[in-house]
Amino acid sequence: MGHLRQEVEPGSVGLDPGALDRLDRHFAALVDDGRLPGFLVSVSRHGQVAHLTTYGRRDRAAELPVESDTLWRIYSMTKPVTSVAALMLLEEGRLGLDDPVAGFLPAFAEPRVYVGGSGPDTTTRPARQPILIRHLLTHTAGLTFGFYHAHPVDGLYRDEGVESSVAPGADLAETCEVYAGLPLQFEPGTQWNYSVATNVLGRVIEVVSGQDLDVFLHRRVLGPLGMTDAGFQVTDEQAGRLAELYGEDEDGELTPIAGLPLRGRPRFLSGSGGMVATAHDYHRFMEMLRRRGELDGTRLLRPGTVDLMAANQLPGNADRRSFGSPVHQEPGNAGLGFGLGLSVVVDPAVTRAPAAEGAFGWSGVATTTFWVDPRRDLTVQFLSQLRPKGSHSVFPDLKRLVHEAVRSS
């Protein structure tokens, strides 16, 4: 069990204590108003935790507080962990960015691309090029999510029972077979569409390594980094520390909702969104990235590989708004590119919230987020457990408030 602890005073590393107090008050007000159940926020500078706040409840009905060792469903913050695992195999020469996915998963050998129609009247054509490993890492494979309700292919995902990314009762291998039988929204490599691609990447890791995804991650990533609580299931000892997951009812009131099936090993090991972790766990992961692949003498990746991971991979240094599929052509994607499993700031002048060029990170659907800012030598994480009905301002507000707290290099 790991507890995250504040290590230095904010002022000693160039952070404004008054601005950090404003940050805490802002999010505490959201809890007091019933808009968040509780939260943990940490801000680290030069590798040292300079600000750590917990507030509110991890379980409102039981009146259990958020604590530094609370376990959180991190959902899509699982994706960077899976991406690091894939890049480790790349460094070992067992995987290449330009390897066709079909070389590992034969079901993807003959992908077809959507042409027109919907449902049983859908028409397709053969893809002109294969899906590559780099397409999975960059979400440019043409795969999608069934819950978008924005494209006829999304509807086909729902028709095949993968609206929530997993076929009912299926494991990772079986679910990827379902994905492979569905049309691509577009020719691989021609658009950015956030999708089930990291689940496919997780299956590739299993095939290449000969190990189940949870085993590989524990042996090669989580264990070596000292991420002692992170994983795909919660033990009896951990269960009391797991935060309740909340949604919003018709009146906007917070209400408990079903989350990931975490008691016992899940049949479906989602490299896309299946993990839980504590703030200590994810701090270790962020610090490894900040230090370009190494932490406390343990090296997972070479510096150049982390640099590649954190560099925009979209053609022409495009952002996700200009290169995105129609569902992603929204203001929130302006100025943000995508690396190998991570969002990357490419144009701070047009981002929705203050950001430094080259800052990278990702978020989860239950109001969790992190980023690493190499220019300011900063790492930030925010953890809560709310799946909101629509978009909210938590992440932009967090970035603005942290930006205001950085007063020197």
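Here are legends for a handful of close-up views of this predicted model.

**View 1. The eight-stranded open sheet.** Eight strands line up in the order β3-β2-β1-β16-β15-β14-β13-β12, and the sheet they form is open, with antiparallel pairing. The edge places go to β3 (64-65) and β12 (336-338). Each of these two has a single partner strand, so one side of each goes without a neighbour in the sheet. As a reminder when following any one strand, side chains in a regular strand alternate between the two faces of the sheet.

**View 2. From β1 to β3 through two hairpins.** Start with β1 and β2, which pair in the antiparallel sense over eight bridges. One residue to pick out here is Gly38, whose bridge partner in β2 is Gly56. The two strands make a hairpin with two residues between them, and His46 in the turn has a positive phi of about 55 degrees. Carry on to β3 and the link is two bridges, again with β2 and β3 running antiparallel. Arg57 has Pro65 as its bridge partner in β3. The hairpin of β2 and β3 has four residues between the strands, and there Glu63 takes a positive phi near 55 degrees.

**View 3. Where β14 meets β15, with α12 packed on the sheet.** Strand β14 (residues 360-364) and strand β15 (residues 368-373) run antiparallel and are joined by five bridges. Look for Gly361, which has Trp371 as its bridge partner in β15. Helix α12 packs on the sheet here, touching β1, β14, β15 and β16. The direction of α12 makes about 35 degrees with that of β15.

**View 4. Helix α9 lying across the strands.** Helix α9 (residues 279-290) lies across five named strands: β1 (38-45), β2 (48-59), β14, β15 and β16. Against β16, α9 runs at about 150 degrees. The loop between α9 and β10 (294-295) holds Arg292. Its phi is near 60 degrees, a positive value in a residue other than glycine. Arg292 is partly exposed, with a relative accessible area of 38%.

**View 5. Ser384, tucked into a loop.** Ser384 sits in the loop between β16 (378-383) and α12 (394-405). Is Ser384 buried or exposed? With a relative accessible area of 0%, Ser384 counts as buried, because that is under the 20% cut-off. Its side chain reaches the backbone oxygen of Gly38 at 2.6 Å, and Gly38 is the residue whose bridge partner in β2 is Gly56. Leaving aside neighbours within four places in sequence, Ser384 is in contact with Leu36, Pro37, Gly38, Phe39, Trp72, Ala366, Thr367 and Thr368.

**View 6. Helices α2 and α6, side by side.** Helix α2 (residues 78-91) packs against helix α6 (residues 197-209) at an angle of about 35 degrees, and their axes are 10 Å apart. The crossing of α2 past α6 is left-handed. On the α2 side, look for Lys79, Thr82, Ser83, Ala85, Ala86 and Leu89, which meet Thr198, Leu201, Gly202, Ile205 and Val208 in α6. Sorted by class, this contact has six nonpolar, four polar and one charged residues.

**View 7. The β5 and β6 hairpin.** Strand β5 (residues 112-116) pairs with strand β6 (residues 123-126) in the antiparallel sense, over four bridges. Val113 has Arg125 as its bridge partner in β6. Six residues lie between the strands of this hairpin, and Gly117 takes a positive phi near 80 degrees.

**View 8. Thr298 in β11.** Strand β11 (residues 298-299) includes Thr298. At 25% relative accessibility, Thr298 counts as partly exposed. Not counting residues up to four places away in sequence, Thr298 touches Pro224 and Gly293. How far apart in space are Thr298 and Gln329? They are 40 Å apart, C-alpha to C-alpha, with a separation of 31 residues in sequence.

**View 9. Asn317 in its loop.** Asn317 belongs to the loop between α10 (303-309) and α11 (320-323). Phi of Asn317 is near 55 degrees, which is positive in a residue other than glycine. Asn317 is partly exposed, at a relative accessible area of 48%.

Note on methods
Residues numbered from 1 in each chain as written. Predicted model: local features only at pLDDT ≥ 70, side-chain atom pairs only at ≥ 80, totals over all residues. Heavy atoms only, no water. Buried < 20%, exposed > 50% of the residue type's maximum accessible area, 1.4 Å probe, protein only. Polar contact = N/O pair within 3.5 Å; in protein donor to acceptor, adjacent residues only side chain to side chain. Contact = heavy atoms within 4.5 Å. Axes fitted to C-alpha atoms, helices over the stretch in contact; angles between N-to-C directions. Left-handed = near helix turned anticlockwise from the far one by under 90°. Nonpolar A, V, L, I, M, F, W, Y, C, P; charged D, E, K, R; others polar. Pairing = 2+ DSSP bridges.
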